[in-house]
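Visitor: I am new to this structure and should be grateful for a guided reading of it. May we begin once it is displayed?

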2 protein chains.
Amino acid sequence: MSTVERVMEELQQVDVSGKRVAVQIPEGLKQYAGIVIDVLRAGGAEEVILFIDPNYGACDIRDSEAKRVGAEVLIHLGHSSFGKIIHEIPVIYVPITLDLDLQKIMGALREIKGRIALCSTVHYTKYIEKIRRALGDKIVVGKGTLAAIEGQVLGCDSGACSADADVNVVITDGIFHGILVKMQTGRKTFVLTPAGELIDVGPYVEDYLRQRETAKILAGRAKRVGVVIATKKGQINMVAARKIMGILGEKGVRADILACDYFLPEYVKGMPYDAYVFTGCPRVAISPLRRRWKYGA
Amino acid sequence: MSTVERVMEELQQVDVSGKRVAVQIPEGLKQYAGIVIDVLRAGGAEEVILFIDPNYGACDIRDSEAKRVGAEVLIHLGHSSFGKIIHEIPVIYVPITLDLDLQKIMGALREIKGRIALCSTVHYTKYIEKIRRALGDKIVVGKGTLAAIEGQVLGCDSGACSADADVNVVITDGIFHGILVKMQTGRKTFVLTPAGELIDVGPYVEDYLRQRETAKILAGRAKRVGVVIATKKGQINMVAARKIMGILGEKGVRADILACDYFLPEYVKGMPYDAYVFTGCPRVAISPLRRRWKYGA
């Protein structure tokens, strides 16, 4: 089934009849925006308002804005629920499953020696139980604390790989989650692409750590530091910001708390900071790596 | 007095003692961010959180986000209060007066024949009463409905120039407000720069109208139209959006309501729309004009 057919099928199951509906859509589904709206209208929605602000996860939930524009319900497309966010209007999470080559995936997993802690991004969690049943004890699957689904990995939650195993495998189509799973578990970690290609994330982690150490050294010379909090509901971390402010204060480094929705370089042009510490999504700090990930992100 | 001295003087008058304070700052003052924070800390603020999201006016008020990050009061720097926005925490507006060459300004105004409806952006409203007293009946000053201060012009409110007169003069350092004052009043309109240069906005308006007519013609061929609402508290216009949806529906044009904080071209890449109608700030639709404004914006 194609992605757009899956999107249609999932949305047709949501009861929107007679309601003013707001929708958040991830970048990868924006091309289907018209179809999304058509399906919701066909389902009897009184009004559909589609958010076009880039959305990278359920941590970035626009329920306040949805309420503000008169919506009665918010459909958050492409992600599952995240942590314990208090919503101002009801939110319906509609994750979308993407295709993968299950035979090749199974084949790649069988070739790995030892026990595998298996996880995936939300797009592939539906396959995990099937894989576990097929491969038996070789596969262990855990559940994170912020992630909603068993076996689901988030950039900020690798709890799905917390069980005892020899190696982690993350089914995903980017390198980001793999890097963080390896860093958070300390275990050998492979990314397994939907096409069945197995990639050791080790060199990418080394690359990122070098980048991070360099950033730390440069930041050590900073005269004034911006400690940045994200205002996205699932990313606000005042506890971390205050802790970092305290540490910097003890070291005699001047530091200020900055806040933003998206953290973009052009937002801080001309500002009096020599370094920034970002306390929101870990992805923000992983800028494009020297070692290129051949599939893109 | 320099701009930064004015900023310091204004902020020193705000009682922030013992409070958690959030601050919104316009782009033009971001270079003084460190000083802003230092002054508020010196004033006894318990904590200062500075928003770095670009801010172009009091219509874009981040009181919800300020509350979300634990602030007890929001200082909105560089703008005066706007319309009737309900705030979730107390908001203190701190407009900043900028320098101008009053002698040259007076000289330029004296040379204009007939009665002048005089207005300015918030940075220069403090000079308007002085000018009126010096030039007498030649000057008339009105008050808008969304603008807070007598003589203050906004891109969406030229009420300050509503009184009977022969010509409008807008003291400002850009062309945008002048264009909208001329369009909304239909009268001959000059922009008067802080340096005392008088510029007829007529050609700029003609230029913009040509641009707008071209956009309309191109939009007439659109198969699907995005009617965009801004989620900024002072810019939400569901009434306009629904009206436009109705008109397009009657004409048989498919149209959808889209929502965003900032409306940026990269947000709609790959989306199935051939044209957009933006219902928020009028400035968004005035893209860079063919006829260049030599001072910048």
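Visitor: Which strand of chain B is joined by 3 bridges to strand 11 of chain A?

Guide: Strand 11 of chain A covers residues 254-260, strands being DSSP runs of E of at least two residues and helices runs of H or I of at least four, numbered from the N terminus. Two strands pair if DSSP finds at least two bridges between them. Here 3 bridges are found, the strands run parallel, and the partner is strand 2 of chain B.

Visitor: On what basis are such statements made, and how are residues and chains labelled?

Guide: This is a predicted model, in which local features need pLDDT of at least 70 and side-chain atom pairs count only at pLDDT 80 or more, while totals for chains, interfaces and linings use all residues. Side-chain values use heavy atoms, without hydrogens and water; residues are numbered from 1 along each chain as its sequence is written, and chains are lettered from A and ligands numbered from 1 in the order in which they are written.

Visitor: What is the bridge partner of A:Ala259?

Guide: The partner is to be sought in strand 2 of chain B. That residue is B:Phe51.

Visitor: How much area is buried between chain B and chain A?

Guide: The size of an interface is often given as the accessible area lost when the parts come together. Buried area is that loss for two parts (1.4 Å probe), summed over both. Carbon and sulfur atoms give 55% of the total, which is about 3800 Å².

Visitor: Which three residues supply 18% of the area that chain B buries against chain A?

Guide: No other three residues supply more of the area on the chain B side. They are B:Ile52, B:Arg68 and B:Tyr267.

Visitor: How many salt bridges cross the interface, and which residue of chain B pairs with A:Arg41?

Guide: A salt bridge is a side-chain nitrogen of Lys or Arg within 4 Å of a carboxyl oxygen of Asp or Glu. The rule finds 8 of them across the interface of chain B and chain A. A:Arg41 also belongs to a network of salt bridges with A:Asp38, B:Arg224, B:Arg254 and B:Asp256. With its closest N and O atoms 3.0 Å apart, the partner of A:Arg41 is B:Asp256.

Visitor: Is B:Thr231 buried or exposed?

Guide: B:Thr231 is in the loop between strand 10 and helix 8 of chain B. Contact means heavy atoms within 4.5 Å, and, leaving aside neighbours within four places in sequence, B:Thr231 is in contact with residues including A:Phe51, A:Glu65, B:Ile236 and B:Ala259. Buried means under 20% relative accessible area, exposed over 50% and partly exposed in between (1.4 Å probe, protein chains only). Its relative accessibility is 2%, so B:Thr231 counts as buried.

Visitor: How far apart along the chain are A:Asp63 and A:Lys233?

Guide: These two residues form a salt bridge, with the closest N and O atoms 2.9 Å apart. A:Asp63 is buried at 0% relative accessibility, and A:Lys233 is buried at 17%. A:Asp63 lies in helix 3 and A:Lys233 in the loop between strand 10 and helix 8 of chain A, and their separation is 170 residues.

Visitor: What is the relative accessible area of B:Pro90?

Guide: B:Pro90 lies in the loop between strand 3 and strand 4 of chain B. Not counting residues up to four places away in sequence, B:Pro90 touches B:Glu72, B:Val73 and B:Leu74. B:Pro90 is exposed, and its relative accessible area is 53%.
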